[in-house]
Amino acid sequence: MSETVIEHSAPLNKVRQLFNWRNSIAWLVLAFTLLVQLIILKQLELKEDRAAGQQFEFMVEKTTEAIGKRMINHEQVLLGATGLFDVSGEVSREQWRAYNERLQLAERYPGIQGVGFAKAVRPEGLATHIQSVRGEGFADYDVHPLDRDRALYTPIVYLEPFRERNLAAFGYDMFAEPVRRKAMLQAAESGQTRITGKVTLRQETHGKVQAGVLMYVPLYLPGAPTDSPQQRLQALRGFVYSPYRMDDLMRGILGAADPNLSLHIYAGDQERPENLIFASRELPRAESARHSEVARLDLYGQIWTLRLESLPEYDRFFHVNNELVIGLGIGLSLLLFFLTSSLSLRRSRAEALAQQMTEHIRENKRALQLSEERLSLALKGSNDGLWDLNLDAATFYASPRAWHMLGYRPGELQSDLKLWEQVLVPDDLPQAKRQLAHTMLSTVDHFTTELRFQHKSGKVIPALIRGYIQRDRNGQPLRISGTSMDLTEHKRIEQMKDEFVSTVSHELRTPLTSISGALGLVTGGALGEVPPPMRQMLEIAHRNSLRLGYLINDLLDMEKIAAGKMSFDMREHSLSRLLDEALASNQAFASHLGVNCVLRNSAAVSVWVDGLRLQQVLSNFLSNAIKYTPEGGEVTLHCSLPDAGHVRINVTDQGPGIPQGFQARVFEKFAQADASDSRQKGGTGLGLAITKEFIERMGGRVGFDTAEGQGTTFWCELPIIESSGSATDQGQLRLLVVEDEPDTGRLLHLMLRDAGYSVDRVQSLHAARGKLASVRYEAMTLDLHLPDGSGQELIDEVRRNPDTQALPIIVISAASQFEQNDSDTSITWLHKPISAAQLLIALTDTLENSRSIP
């Protein structure tokens with residue numbers, strides 16, 4: 001009996017132990033873990049909502065972009081049809097059918113109902129028109145609806161494919177319907193493509209009636225004047241047009257779009273039910289959409305309003321794991337609770353665990369003693385990821401933090417001296433090896449560099465590597481130790497900063513332009529005489545608004561440079577002319593401050609630069625020199641030749657010089673020697689940073705020479721090029737180099753010039769077309785990838801031109817595969833990189849082949 005009572009009381013005792021005060025730590029752990037899980041769940045929901053919103057915005061952008069691009073493609077189809085009329089004069093029904101069959105509308109442009117031609121017929125020619133069409137074999141043809149009181153009829157004469165629904169539109173006078181007539185009149189009077197509002201197509205003969213729209217391109221009589229709207233109406237020949245059933249058109253454009261989104265399209269800028277032209281499949285729901293956006297498209301004289309909304313399935317997709325997270329969180333909390341209870345209430349187990357932990361600590365101490373030497377060397381860098389290359393022992397060590405940064409567990413990869421090469425981005429490995437070898441062969445002990453590593457997941461991790469090289473008495477490296485810092489967040493913050501600067505700068509520029517212009521008009525007397533006290537305040541406001549404008553312009557330039565969007569129009573320029581222009585543009589500013597600007601020792605050389613960017617650099621140098629030169633002083637602009645291949649442009653002032661402590665930061669962003677609120681010289685602190693970027697992008701370098709109290713000379717060096725016209729008088733063959741990459745173009749120029757050819761170099765299709773139109777060349781080198789189009793376009797244009805169709809062409813490209821035309825023997829294909837021997841052999845063979853062709 002007593003044994004039975006004990007057996008029944010044992011579970012009860014265990015329950016009591018759970019609620020005993022000695023188990024309070026376990027309850028605290030349970031409460032804390034549940035709170036943490038709640039916070040994690042809230043954060044997860046916030047991230048899911050953010051991801052859903054970003055995905056929704058992306059789909060809205062893609063939808064509007066797809067509709068806009070498809071309508072442009074449809075316009076190109078109609079413009080091509082008008083071109084058929086322009087070149088053929090009269091187009092027969094068979095020609096029209098052949099043209100449309102060649103377009104393959106059903107396969108290439110799904111959703112288009114057809115391509116047709118509506119002829120403009122005056123009342124006096126209506127009967128002749130009807131008889132002419134009937135004479136083609138359409139005995140029942142008539143213009144309908146027939147209204148004898150109108151001055152113009154536009155019956156549909158051609159419409160392909162001429163079958164099924166399209167047969168109902170044959171002979172229909174679209175000018176009789178107000179919506180169609182409005183769009184047709186707009187197109188005819190403007191000469192531009194126009195789209196109608198919502199209509200019901202004549203093709204709606206059976207099945208579900210869909211909303212329809214039509215696109216019109218006007219066609220005029222050849223040779224007739226079309227300068228005014230009245231002249232265009234008089235010269236109207238007809239319209240090439242396409243009808244669209246909106247449901248079919250949207251299916252063709254959007255394809256298999258996300259079924260969890262709802263799309264409504266309205267013809268007009270208001271969401272009125274009567275203007276609804278398309279509605280996607282909707283699912284019933286009890287509440288409003290969580291994500292909704294309205295977009296407007298301006299399409300050929302019509303505004304389409306697009307409303308996109310998320311359906312419940314879309315929202316559930318981003319919150320599908322919440323229940324799992326809640327379950328796992330509660331389970332983990334309970335597991336920790338019972339584990340803590342077990343540790344708290346079982347002393348013997350705790351003592352055993354403490355003994356085990358003591359042994360573990362002792363082992364860690366022994367391991368720590370072995371790693372003290374590695375740690376002491378690695379701490380010479382930072383305390384991020386630690387690493388150690390022991391060249392004598394041929395071992396490589398990395399701390400857990402270093403491995404976690406790359407997504408690996410310590411010991412997951414086999415450790416050896418080559419391990420660092422496995423985690424480096426493959427494209428960066430050759431350069432990193434060369435840099436490491438150069439550092440080890442030098443006498444430096446410390447180094448700092450940025451490298452890109454491959455994360456286990458495949459993403460790229462930028463890292464700042466700092467290291468210390470331990471050498472023997474002979475200077476040979478024994479081991480290399482240091483730290484690695486993850487720069488991912490740093491790079492992200494830099495990008496956010498650049499985006500923020502760009503946004504703020506653009507938002508400030510518009511109102512600032514109005515403020516500055518208005519102040520300029522008032523101070524200039526455009527609104528009448530201004531009282532002297534008020535004039536002084538207005539002039540202060542005007543000057544400061546101009547300074548703020550300069551700051552915004554500099555911020556935009558820095559943002560473009562940082563984002564890689566700054567383009568350079570590199571051309572050959574006379575340096576002396578550029579210097580004269582720079583001096584002339586800054587004379588007014590110098591005279592205002594009482595400073596004399598002079599040009600001495602101008603160099604009669606040519607440079608390959610962007611003229612406007614170099615003018616900005618020189619204006620920056622000159623304006624800084626003028627500001628820091630005292631009244632009555634002199635600023636000198638002069639040139640020198642440090643070597644045979646470079647020219648140095650110097651700007652010397654008579655200012656106070658640059659302080660020693662500031663000289664290392666002269667070319668940094670927002671750097672100013674006097675950064676106080678009361679500084680006397682204005683400026684943004686960005687000009688010299690922009691100058692440095694510009695000069696380096698143009699293949700040069702910048703610097704300065706200064707002494708405190710004795711003035712400063714800022715200079716920039718640029719490579720000298722031989723004038724493109726200097727060799728033409730010596731009977732040399734003239735070649736054209738079309739290459740957008742400056743270094744590659746300069747290399748090709750030097751290779752060919754040293755081989756005895758006269759060379760012109762351009763960087764775009766536009767410039768190449770201008771050169772080919774004005775100069776006769778013996779051959780041309782061409783890059784297929786140019787900033788304003790494909791090199792293949794230029795090849796086609798050259799071959800169509802009788803003056804250049806036999807021009808030998810050498811295609812030099814970095815593409816992995818060429819669209820090579822073996823039948824054109826005047827084209828030679830080379831793959832980058834190339835040597836001088838390859839280029840000259842290919843050029844010689846190409847020129848010989850071109851001479852042998854009769």
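Are Trp-96 and Tyr-158 buried or exposed? Both Trp-96 and Tyr-158 are buried (under 20% relative accessible area with a 1.4 Å probe, protein chains only, where exposed is over 50% and partly exposed lies in between). The model is predicted, with local features requiring pLDDT of at least 70 and side-chain atom pairs pLDDT 80 or more, whereas totals for chains, interfaces and linings use all residues. Residues are numbered from 1 along each chain as its sequence is written, and side-chain values use heavy atoms, with hydrogens and water left out.

The structure contains 16 aromatic pairs (rings of Phe, Tyr and Trp, the last by its six-membered ring, with centres within 6.5 Å; planes under 30 degrees apart are stacked, over 60 edge-to-face and the rest tilted). The ring centres of Phe-85 and Trp-96 are 5.7 Å apart and the planes stand at 55°, so this pair is tilted. It joins distant parts of the chain, 11 residues apart: Phe-85 belongs to helix α2 (residues 24-88) and Trp-96 to helix α3 (residues 93-103), helices being DSSP runs of H or I with at least four residues and strands runs of E with at least two, numbered from the N terminus. Phe-85, like Trp-96, is buried.

Trp-96 also pairs with Tyr-158, with centres 5.8 Å apart and planes at 35°, so this pair is tilted. Here helix α3 is linked to strand β2 (residues 156-160), across 62 residues. Ring pairs connect Phe-85, Trp-96, Tyr-99, Phe-117 and Tyr-158 into a cluster.

Charges also sit over rings (NZ of Lys or CZ of Arg within 6 Å of the ring centre and within 35 degrees of the ring normal). Arg-648 lies over the face of Trp-715, 3.7 Å from the ring centre, and the charged end of Arg-761 is placed over the ring of Trp-608, 3.8 Å from its centre.
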